[in-house]
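Dear colleague,

I am passing the structure below on to you, together with notes on what was found in it. Please read the notes alongside the coordinates.

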Amino acid sequence: MSEFTDHWALGKALVHRVEEWSGPFLTPQLLFAGFEPAAYAECKEAVPAAYLDAASDALQARLQSWVVEVDGQRVLIDTGAGNDKIRPGIPLFGGLQTPFLERLAVAGFAPEDIDLVVCTHLHVDHVGWNTQWVAGAWEPTFPRARYVFPLADAEYWDPRRSHLYPAKTGEAVNEGFFEDSVRPILEAGRAELVQGSVELLPGLRLDPAPGHTPGSTVITLESGGERAMFVGDVVHHPLQVWNPDWNSIFCEDPSQARATRRAVLERAADLEAVLVPAHFAGQHRTRVRRTPAGLRPVGLDGVGL
Ligand SMILES: [Zn+2]
């Protein structure tokens, strides 16, 4: 345990969080397409300071990964921005030198301990540690792992197929990631491209959740009658629980992203699941409750998780 790693149990499974980066990231006015000042004024006071600086409107964000220990396997969900990447479209995540692997070791895992890597979707901040720069080449970071990528995203973001998808919202900000963090895995024969719903392991299922990207997925962990939903960027920030129609400016298909977000939040409420978004600061997870006034997060302050 440290400031950068922690863990919690879900039934017989264990979930370890490993943090790569933390900081403020934009304001609601800039991040959310569909932002409404009146709706923001109604809910902002209920958001703890760990998630939102009320004075400056700065949203707090994290890049973090989860290692799920389930069915005797170690599954790494999302791999952050990575070190040494060249990122002209988002300099914030370029040239990083973070001690992510040292933090993974603090959590108890060496790269060779990871059996399975799952990227909830293919975006610059979810694939970085798939590879590392070794002796002049991008090599798979996790030498034994098979890597699961959504097929729809692998097709959508492949620069060799860009003529098929000419109007990508995230084209500029995501420049470079496919060649340094996805193609080396494909060429090493280590990738498994999936579509539809897939049982990754007993107790761990992948379901499509398109909109943010065409291949976005939700990973559901079920153990001992409890559930956790790793939702990637279907939800970026707690404000979107109050306001499910607020997309991020990085969502590729706005109407589909809104429908998916609402459906995922409703499902989390129905299942009383722990919702684990990729970028939450604070407690890094929440639950969702249905109220007469709409959906509300539970546990942002750590109570009721
Ligand atoms: Zn993201």
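Arg290, at 44% relative accessibility, counts as partly exposed, because that class lies between buried (under 20% relative accessible area) and exposed (over 50%), with a 1.4 Å probe and protein chains only. Arg290 forms a salt bridge with Glu266, the closest N and O atoms being 2.5 Å apart, where a salt bridge is a side-chain nitrogen of Lys or Arg within 4 Å of a carboxyl oxygen of Asp or Glu. The pair links distant parts of the chain, with Glu266 in helix α7 (residues 254-271) and Arg290 in strand β18 (residues 287-291), 24 residues apart; helices (H or I, at least four residues) and strands (E, at least two) are DSSP runs numbered from the N terminus. Glu266 is likewise partly exposed, with a relative accessible area of 26%.

Please bear in mind that this is a predicted model, in which local features need pLDDT of at least 70 and side-chain atom pairs count only at pLDDT 80 or more, while totals for chains, interfaces and linings use all residues. Residues are numbered from 1 along each chain as its sequence is written, and side-chain values use heavy atoms, with hydrogens and water left out.

The count of salt bridges comes to 19. One of them joins the side chains of Asp180 and Lys85 (3.9 Å, N to O). Asp180 lies in helix α5 (residues 177-187) and Lys85 in the loop between β6 (73-77) and α3 (100-107), so this pair ties together parts that are 95 residues apart in sequence. Both Asp180 and Lys85 are buried. Glu222 and Arg227 also form a salt bridge, their closest N and O atoms being 3.3 Å apart, and a network of salt bridges links Asp6, Arg17, Glu19 and Arg62.

Turning to the metal site, the zinc ion has as its protein donors Asp125 (OD), His126 (NE2), Asp233 (OD) and His279 (NE2), which lie 2.1 to 2.2 Å from it. Donors are N, O and S atoms within 2.8 Å of the metal (3.2 Å for Na, K and Ca), and since water is not among the atoms, sites may look incomplete. The four donor atoms subtend angles of 85 to 156 degrees, and the arrangement is therefore irregular: four donors count as tetrahedral if all angles lie between 85 and 135 degrees, or as square planar if opposite donors are over 155 degrees apart and all others between 65 and 115. Among the donor residues, Asp125 is buried at 13% relative accessibility, and His126 is buried at 1%.

With best regards

Definitions and conventions:
Four donors count as tetrahedral if all angles lie between 85 and 135 degrees; four count as square planar and six as octahedral if opposite donors are over 155 degrees apart and all others between 65 and 115; anything else is irregular.
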